[in-house]
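Grab a pencil and work through the exercises below. Each one sets a task and then walks through the solution.

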Amino acid sequence: MVMDFVWLGVLMTGVYNMAYGAHIKVINGMFQFKVLPALILYPIIALGLWYFVLSNPSLSWGEVAMRGAILGFVMYAVYNLTCASILADYPWNIVFIDTAWGTFAATMTALAMRGIQQFFS
């Protein structure tokens, strides 16, 4: 959630603002999140990462990173390609940028979750 806030709210606000225009809310140059959907979304992502990546504690750090990357790629590619297929003028650069971001974010989150998992075990 923090990574997405920095990505969407600070680093990429201009790119997403140009792509989504009137569909997003920007105040003082910062992307505004709706809290309830985010509170629903991030536990679902964590559940997916736990089930598909972290439920097997014998995986190496490299395997955790690879599985996190694959899961992130699949989640974000499905979302972005669905948007590109049904929304008028959905920008292709957003498909690629956002999917790459999701791949990276899921990888880093999976690795952080593995670190927490090992710390408490």
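**Exercise 1.** Leaving aside its neighbours within four places in sequence, which residues is Leu49 in contact with?

Before starting, note that this is a predicted model, where local features need pLDDT of at least 70, side-chain atom pairs count only at pLDDT 80 or more, and totals for chains, interfaces and linings use all residues. Residues are numbered from 1 along each chain as its sequence is written, and side-chain values use heavy atoms, leaving out hydrogens and water.

*Solution.* Contact means heavy atoms within 4.5 Å. With those sequence neighbours set aside, Leu49 touches Leu54, Gly68, Leu71, Ala106, Thr109, Ala110 and Met113.

**Exercise 2.** Find the largest nonpolar core and say which helix supplies its largest share.

*Solution.* Start with the term: a nonpolar core is a set of buried (under 20% relative accessible area, 1.4 Å probe, protein chains only) Ala, Val, Leu, Ile, Met, Phe, Trp, Tyr and Cys residues joined through side-chain atoms within 4.5 Å. The largest one here has 11 residues, among them Leu49, Leu71, Ala106 and Ala110. Next, sort by helix (a DSSP run of H or I, at least four residues, numbered from the N terminus). Helices α3 (35-54), α4 and α5 each give at least two residues to this core, and α3 has the largest share, with six.

**Exercise 3.** Place Thr99: is Thr99 buried or exposed, and what does Thr99 contact?

*Solution.* Thr99 sits in helix α5. Its relative accessible area is 9%, so Thr99 counts as buried. Leaving aside neighbours within four places in sequence, Thr99 contacts Phe73, Tyr76, Ala77, Asn80 and Ile94.

Note on methods: Buried < 20%, exposed > 50% of the residue type's maximum accessible area, 1.4 Å probe, protein only.
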